[in-house]
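The following exercises concern strand pairing, helix packing and burial. Each task is followed by a solution in steps.

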Amino acid sequence: MTPDQEAALLDNLASVCREAGYVVEAIDRGLEVSGGEDEGAFYLLPDHGWLQARCLVLAPEDLNEARDLTALFETVARAQFRLIGCRFGYDAETGLWLVEDLYPGFEAARVPAVLEQLTFIWDALEDLFEAALAGTVPGEDAFDAAFDLEAATPTH
């Protein structure tokens, strides 16, 4: 993707997100998109035709409060195993991120729906991750409850 194509993509994404009611600011490598002053931000970062949409879920300060991150990483793995439609990214310097990778050729008009999906997933998982920071690995029933699911009962 040429710099001009990337600039056009970012302009299109900014317009779509503004139309959906988001506040949009240009940042170094992409866009910062938020619902307003008190709400968390999403970052839209183009990379060779792909677009990474991500939001910070646990800052380094939050992670530093935990004695051990073992329960958190097990919780991340269990959440990821549930095929939630996105992934987690961890960086010791920037924290834990919820990430959606959009393939080349994605429809810019669908980006607000992706941001809503990321919000839904984090809202569902936030309490489980807070417990994990305290050392508790949630069970399958806690994940089911987080997503308002009922455990399947086998039929005989």
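Two strands are taken to pair if DSSP finds at least two bridges between them. The model examined here is predicted.

**Exercise 1. Determine how strands E3 and E4 are paired and connected.**

Step 1. Strand E3 covers residues 41-47 and strand E4 residues 50-58; they pair in the antiparallel sense over 6 bridges.

Step 2. Individual positions fix the register: Tyr43 stands opposite Arg54 in E4, and Leu45 stands opposite Gln52 in E4.

Step 3. The connection leaves 2 residues between E3 and E4, which form a hairpin. In its turn, His48 has a positive phi of about 55°.

**Exercise 2. Place E4 within the sheet and give the strand order.**

Step 1. E4 also pairs with strand E6 (residues 95-102), in the antiparallel sense and over 7 bridges. Within this pairing, Leu56 has Trp97 in E6 as its bridge partner.

Step 2. The full sheet is open and has 6 strands in the order E1-E2-E3-E4-E6-E5, with antiparallel pairing. Strand E1 (23-27) and strand E5 (87-91) are its edge strands, each pairing on one side only.

Step 3. On average, neighbouring strands of this sheet are turned by 30° against each other, direction ignored.

Step 4. Helix H3 packs on the sheet and touches E4, E5 and E6; the direction of H3 makes about 155° with that of E5.

**Exercise 3. Describe the packing of helix H3 against helix H4.**

Step 1. Two packed helices are described by the angle between their axes and the distance between the axes. For H3 (residues 70-81) and H4 (residues 111-133), the angle is about 150° and the axes are 7 Å apart.

Step 2. Angles over 145 degrees count as roughly antiparallel, and H3 is therefore roughly antiparallel to H4.

Step 3. The crossing in which H3 passes H4 is right-handed.

Step 4. From H3, the contact involves Ala71, Leu72, Thr75, Val76 and Ala79; these meet Leu125, Leu128, Phe129, Ala132 and Leu133 in H4. Classified by residue type, this contact has 9 nonpolar, 1 polar and no charged residues.

**Exercise 4. Decide whether Ser34 is buried or exposed, and list what Ser34 touches.**

Step 1. Ser34 belongs to strand E2, which covers residues 30-34.

Step 2. The relative accessibility of Ser34 is 10%. The cut-off for buried is under 20%, so Ser34 counts as buried.

Step 3. With residues up to four places away in sequence not counted, Ser34 touches Tyr22, Val23, Glu39, Gly40 and Ala41.

Terms used:
Residues are numbered from 1 along each chain as its sequence is written. This is a predicted model: local features need pLDDT of at least 70, side-chain atom pairs count only at pLDDT 80 or more; totals for chains, interfaces and linings use all residues. Side-chain values use heavy atoms; hydrogens and water are left out. Axes are lines fitted to C-alpha atoms, for helices over the stretch in contact, and angles run from 0 to 180 degrees between N-to-C directions. Helices (H or I, at least four residues) and strands (E, at least two) are DSSP runs, numbered from the N terminus. Angles under 35 degrees count as roughly parallel, over 145 as roughly antiparallel, 65 to 115 as roughly perpendicular and the rest as oblique. A crossing is left-handed if the near helix is turned anticlockwise from the far one by less than a right angle, and right-handed if clockwise. Contact means heavy atoms within 4.5 Å. Ala, Val, Leu, Ile, Met, Phe, Trp, Tyr, Cys and Pro count as nonpolar, Asp, Glu, Lys and Arg as charged, and the others, Gly among them, as polar. Buried means under 20% relative accessible area, exposed over 50%, partly exposed in between (1.4 Å probe, protein chains only).
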